Structures are given as structure tokens and as C-alpha cells.
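Hi there,

Here is the structure I promised to pass on to you. Have a look at it first, and then read on for what turned up.

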Amino acid sequence: MDLQTAQDTIQAAGVFYSRSVDATGEGRMQVQDRNWIVVGQQPSAGAVVGEGEALLSVVKEVEFAGCR
């Protein structure tokens, strides 16, 4: 799922602030959310989260093929 869709899904559940981090460890900023793919999340799917507790690990869309 791309980052924008993941954020929209979290917001639809009533949580309006989530965080994202570059999964490569390079610290890159996610400027265009649709160009990033979620490869991990904390807490796991289905867990109850509050504001700022959702952390999405992402890679650039062009890098995603290497994650499979």
C-alpha cells in the first residue's frame, strides 16, 4: 500500500496523526506520499492506536521490487 493510502486508512479509523520513517535507514523525508510504499508498521495491524502512535516504515516506490 502506498503511504498516502495508509495514512488515509489510519485517518478513517479516527487517528489523524501518524508517523513515517525511511526503512532504508537513510533518513530521507517522504515529500510525495504516493511515491512511497509501506513495508512495515508498528504496532501491528488491528492494534488500537492513539495519535502519533502509528509508525509506518516506507521505501521509495522504485525500490519496492527489491523488498519482495
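Let me start with the pockets: the largest one has a volume of about 360 Å³. Its lining is made up of 18 residues, and those closest to the centre are Ile-10, Gln-41, Ala-45, Gly-46 and Val-49. Please keep in mind that this is a predicted model.

Which parts of the fold supply at least two residues each to the lining of the largest pocket? They are the helix α1 (3-12) and the strands β2 (36-42) and β3 (55-60). As for the chemistry of that lining, 13 of its residues are nonpolar and five are polar, while charged residues are absent.

Now to the sheet. Three strands form an open sheet in the order β1-β3-β2, and their pairing is mixed. β1 (19-22) and β2 are the edge strands, each pairing on one side only. On average, neighbouring strands in this sheet are turned by 35 degrees against each other, if direction is ignored.

If you would like to follow one pairing in detail, try β1 and β3: these two strands run parallel and are joined by four bridges. For example, Asp-22 has Val-58 in β3 as its bridge partner.

Finally, where does α1 pack? This helix lies on the sheet and touches β1, β2 and β3. The direction of α1 makes about 165 degrees with that of β3. So you will meet α1 twice as you look around: in the packing on the sheet and in the lining of the largest pocket.

Enjoy exploring!

Best wishes

How values were computed
Residues numbered from 1 in each chain as written. Predicted model: local features only at pLDDT ≥ 70, side-chain atom pairs only at ≥ 80, totals over all residues. Heavy atoms only, no water. 1 Å grid on protein atoms, 1.4 Å probe; cavity = no way out; pocket = protein on both sides within 12 Å on 5 of 7 lines; lining within 4 Å. Points joined across faces, edges and corners; volume = space filled by probe spheres on them. Nonpolar A, V, L, I, M, F, W, Y, C, P; charged D, E, K, R; others polar. Pairing = 2+ DSSP bridges. Axes fitted to C-alpha atoms, helices over the stretch in contact; angles between N-to-C directions. Contact = heavy atoms within 4.5 Å.
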